[in-house]
Amino acid sequence: MSFIPHFSAHQIFIAPWTTDFSLYGWMVLMTFLVGAACGLVGNYLILRRMALMGDAISHSVLPGIVVAFLVTGSRGTVPMFAGAVAAAVLTTVLIEVIHRHSRVKQDAAIGIAFSSLFALGVILIAVFADTVDLDQDCVLNGELPLIPLSPPMTLAGMTLGPPAVVRMGCVLFFSCGLIVLFYKELLLSSFDPALASAMGLRSGWIHQSLMIWLSITVVSAFEAVGAILVIAMLILPGATAALISDRLVVRLGWSLVHAALSAVLGLHLSIGLDCSPSGAAVVVGSFLFGVAWIFGPQDGLVSRWWSRKERGPETLV
Amino acid sequence: MIRLTPSFAGQFLGIGGLFVGLNSLTMTVCAARIGDITETVWQTQAIRFLTLADPSVRFAVFGTVLLGIVCGLLGGFLVVRRMSLVGDALSHAVLPGVALGFLWNMEKDPVAIFIGATVAGLLGTGLVHLITRTTRLKEDAALGMILAGFFGAGLCLMSMFQRLPTGNKTGIDKFLFGQASAIGAEDIRLMTVVTVLVLGLICVGYKEFLLVSFDPGFAKVCALPTRWLQHGLMLLLTFSVVIALQAVGVVLVSAMLITPAATAYLLTDRMHRMLIYGALIGMLSGVTGAFLSFLGTHLPTGPFMVLSASSFFVVAFLFAPNRGVIPRWWMARSQRVRIVRENTLKAVYQILENEEFRRESVSLRELAERRRLTFDEALREVRSLVSMDFATAVDDLVALTPSGWQRAASIVRNHRLWELYLTHAVQMAPDHVHDDAEKIEHILGEDAVRQLERRLEFADRDPHGRPIPAVQVIHGRPNGNREKRATGYGKSS
Amino acid sequence: MDLSDSSSSLTVAPIAEESPLEVHDLTVAYRKKPVLWGVDIRAPAGKLIGILGPNGAGKSTLIKACMGLLPASAGWVKVFGKPINQSLARVGYVPQRESVDWDFPVNVMDVVLMGRYGKLGLFRRPTAADRACARDCLERVKMLPFADRQISNLSGGQQQRVFLARALAQESDLYFMDEPFAGVDAATETAIIELLHELRYQGKTLFVVHHDLPTARNYFDWLLLLNMRVVAFGPTEQVFTYDLLQKTYGGRLTILSEVAEAVRVKEA
């Protein structure tokens with residue numbers, strides 16, 4: 001067995017959509033749903049310069065899940081969501097308390113808070129290894145290939161699909177709903193918090209709700225991509241879209257496109273290299289970002305180079 | 001000074017307690033469970049660790065000491081420059097380098113891993129720099145992206161590697177969460193070299209690194225090679241991350257950079273002390289973490305180190321002299337108590353003053369009315385005076401002792417001087433000055449009072465026409481002679 | 001004397017000694033947007049020079065570009081007849097107070113000692129002589145009693161004095177100061193301007209970014225009026241005129257009334 005497997009076009013490009021569709025179809029769908037839901041909320045994180053809060057929350061959700069599991073003994077949706085939301089709130093409060101009441105700055109406060117919580121989660125998993133249905137590998141990597149194998153969820157006689165996929169779909173639907181309903185409030189409070197609070201929007205509440213929204217998204221994505229890759233899912237679509245367009249609506253659209261492309265291409269890559277599918281999706285996502293970075297309409301390296309050639313050297317830094 | 005209300009302090013205690021509680025909970029839970037499985041194992045492991053019985057333990061201890069020193073030291077620069085999360089991105093970005101280092105000759109070769117990880121880390125930070133410079137994306141997004149993107153690539157490589165027949169035995173998975181017991185002689189050699197290098201460079205270039213961190217523009221005007229210093233610091237940071245990988249793991253190594261240094265930041269005001277404290281705390285957390293993870297069989301080291309470091313941070317956050325939450329709360333509380341006491345003294349003085357000092361004592365009832373308190377509250381205030389030897393209470397009559405009298409007169413004096421100052425120098429209306437004087441009377445120091453007196457030309461009446469107690473009144477009891485009492489400070493001697 | 005047309009002035013003025021600062025056609029752009037356009041300056045030695053202009057006129061950018069902290073898109077800067085990186089040892093700098101983190105774990109003495117780093121050279125420790133010099137400089141700004149204070153426990157005026165002491169410790173011949181009067185109390189402002197005059201009498205040249213028009217007339221020997229381009233550069237009595245100030249500040253009404261007031265005071 002070699003490091004890079006033998007190349008077989010049929011197996012890589014055709015089989016996933018034909019013979020193995022029942023397996024890979026769910027995986028692609030799940031990856032897309034994760035990328036889409038995370039990408040939507042990620043756009044707002046980037047806009048508010050809070051990308052690293054995404055980092056913090058995605059790490060600190062872990063002990064929330066583990067504690068919820070240890071307390072209730074089930075991996076049901078409700079305890080998991082409750083644990084994740086509680087962990088997210090605890091993280092934001094810890095960060096606030098640390099940086100407001102000591103001279104430690106916010107960046108260090110974020111680092112301290114999430115790493116402690118994450119360490120706690122890992123230790124709990126290691127200690128209760130035989131009772132918790134999570135292992136350290138899953139925490140980092142997710143277990144995307146196992147998702148299609150779980151018994152499908154049925155609702156009113158209809159077979160919907162694996163529970164994780166259904167849950168992720170609901171979260172995506174919920175995210176879209178939030179954005180449609182509160183588009184202008186979210187935009188205003190992200191763009192100009194001072195004006196927003198002058199117009200009666202409670203910026204503290206918006207911040208905290210965003211954190212809860214984020215934690216719900218992260219916890220549903222957790223099973224598929226793990227705690228760390230979810231940061232890529234949060235930031236890559238939005239960052240790529242930000243290089244393509246200036247307008248928020250268009251950015252939201254492009255981040256969905258990014259999610260879809262990285263899901264499909266990531267699947268092919270992971271089959272081709274026989275490697276971790278979530279990792280492959282992230283690699284493809286980073287690659288797409290690189291493409292946007294080089295060929296983007298305004299910030300793109302090519303267009304910058306071009307405009308430098310056109311305008312002459314003296315107008316550039 | 002930040003004033004803390006009790007509820008605030010409660011909140012802190014609550015959260016701090018929760019934090020410590022969670023930590024200790026994990027440790028006890030973990031001890032209990034290990035106990036469940038095999039009663040003797042953790043005890044023998046503890047003894048094995050504490051007596052440094054065999055080479056593997058010695059390597060683990062020595063290795064964690066070294067990595068704690070290096071991380072704590074260099075983390076100081078990250079924390080003061082508000083670049084903590086660069087450390088986070090850096091530590092995740094080394095993963096593909098680690099995997100490629102393994103791939104180099106299909107086994108754990110510390111030098112190959114060191115080179116691979118260093119290159120990957122520098123590439124990652126370089127890309128962050130490039131993205132923020134050439135696009136509209138801000139640093140946070142760039143960091144997050146590089147962190148997760150590189151990590152994803154690393155996971156892919158690792159999953160490919162583990163598929164190989166030899167892959168699973170090489171211990172590459174130990175690099176994710178760290179395993180101090182996997183540190184070998186080769187690793188120790190490398191770590192020692194890096195530690196000596198880091199310590200040497202920081203000692204030699206301390207002044208340069210300090211200036212470039214504090215004020216890069218000024219450093220450039222001082223003709224320091226700022227760019228090289230910045231790059232050099234980044235390279236040293238990458239080194240420190242890389243040598244810590246084996247024991248702490250990729251995922252949590254950033255915490256070993258941030259937490260000990262942030263703890264040290266709470267403890268001192270000087271950079272060189274902060275670096276030394278950071279190194280010490282890093283070392284202690286490293287050894288503690290290694291010890292705890294030794295107690296079980298499959299416990300990762302990194303999380304235990306991080307939790308030990310966090311526990312140190314919580315202790316410093318709560319108890320650091322002057323700056324800790326609890327000392328600050330205590331100072332604010334004792335100040336509040338003092339203000340209440342001074343207000344009581346003032347009330348006694350004013351009651352006596354209204355009767356032209358014909359009496360020596362006031363009744364508790366008069367005091368309660370004057371202070372608008374209930375009888376019980378007044379009693380409590382009087383008890384506080386008595387406990388400080390400011391007053392004596394016989395039945396329900398309160399009389400001031402000489403020291404109490406002195407304090408009371410000086411407070412009244414401060415109040416009236418300040419009122420006079422506000423009406424004269426600041427031209428405020430006489431009915432606007434009382435509230436301000438109520439606050440300032442407790443704060444005015446000896447020097448400020450002397451200055452006020454001089455500016456007000458030793459006036460003896462406040463804007464409301466009441467006499468300002470003179471100095472000899474403060475130093476002794478009034479003898480009823482009001483002419484003498486109103487004499488100015490300058491003429492008294 | 002309007003030197004924005006510098007070619008004529010260069011030919012007119014005979015070069016007696018090398019100018020402390022000579023700037024030719026300096027253009028600085030930030031993200032493709034020019035902030036400074038074609039700046040020409042030839043500064044006389046031993047003068048206290050104020051840089052005036054509205055917000056966003058590029059005052060800070062100018063002094064940063066002169067010290068090589070910002071890259072120039074075009075033009076060149078010469079300090080004492082040499083390129084900037086060869087004469088940094090003769091340049092002192094007082095950055096804006098907000099440009100550093102005042103929570104940084106250093107005390108007042110540490111900061112003032114930083115002024116000696118340029119003279120010390122790489123990897124050399126400050127000597128007793130450097131400490132003595134730093135104490136001297138602290139004494140001159142009346143901050144010696146605060147030498148052991150952590151810098152966040154100082155008032156704005158005191159922080160500014162510390163920065164000034166650090167610049168004094170540089171013992172330079174040409175100083176650039178970025179808004180040294182911003183956010184300081186009246187006593188500090190007087191103390192600083194006295195110190196600046198003292199330096200000027202010692203033959204040093206000082207460029208001071210300033211934003212307060214009424215005081216500018218009394219403080220400075222020469223003025224540089226800047227609004228992306230040099231509007232005027234010359235002795236205060238020639239440059240501080242209604243027309244030139246109006247040209248600098250454009251149609252900004254509030255500032256214009258301030259200008260009118262300042263000119264009225266001058267003529268009275």
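Which residue of chain B does the side chain of A:Arg103 meet in a salt bridge? Let's find out by touring this predicted model.

**Stop 1: one pair of side chains.** Select A:Arg103 and B:Asp269 and show their side chains. They form a salt bridge, with 2.7 Å from N to O. Two salt bridges are found across the interface of chain B and chain A, and this pair links those chains. You can also look for polar contacts here: 13 residue pairs make them across the interface, both partners having pLDDT 80 or more.

**Stop 2: the helices of chain B.** Now color chain B by helix. Several helices each supply at least two residues of the side that touches chain A, among them helix 1 (6-37), helix 6 (110-134), helix 13 (253-267) and helix 16 (325-354). Next, select helix 7 (139-163) of chain B. Helix 7 gives the largest share of that side, 18 residues. Try coloring the side by residue type: 46 of its residues are nonpolar, 14 are polar and 10 are charged.

**Stop 3: the whole interface.** Zoom out and show both chains. Here 70 residues of chain B are in contact with 71 residues of chain A. The area buried between the two chains is about 6,200 Å², and carbon and sulfur atoms give 75% of that area.

**Stop 4: confidence in chain A.** Finally, color chain A by pLDDT. The average is 85, and 94% of the residues score at least 70. Then select residues 312-317 of chain A, where pLDDT stays under 50. For this stretch the model has 14 contacts beyond four places in sequence.

Technical notes:
Residues are numbered from 1 along each chain as its sequence is written. Chains are lettered from A and ligands numbered from 1 in the order in which they are written. Side-chain values use heavy atoms; hydrogens and water are left out. Contact means heavy atoms within 4.5 Å. Buried area is the accessible area (1.4 Å probe) that two parts lose on being put together, summed over both. A salt bridge is a side-chain nitrogen of Lys or Arg within 4 Å of a carboxyl oxygen of Asp or Glu. A polar contact is a pair of N or O atoms within 3.5 Å; within protein, one must be able to donate a hydrogen and the other to accept it, and residues adjacent in sequence count only if both atoms are side-chain atoms. Helices (H or I, at least four residues) and strands (E, at least two) are DSSP runs, numbered from the N terminus. Ala, Val, Leu, Ile, Met, Phe, Trp, Tyr, Cys and Pro count as nonpolar, Asp, Glu, Lys and Arg as charged, and the others, Gly among them, as polar. pLDDT is the predictor's confidence in each residue, from 0 to 100.
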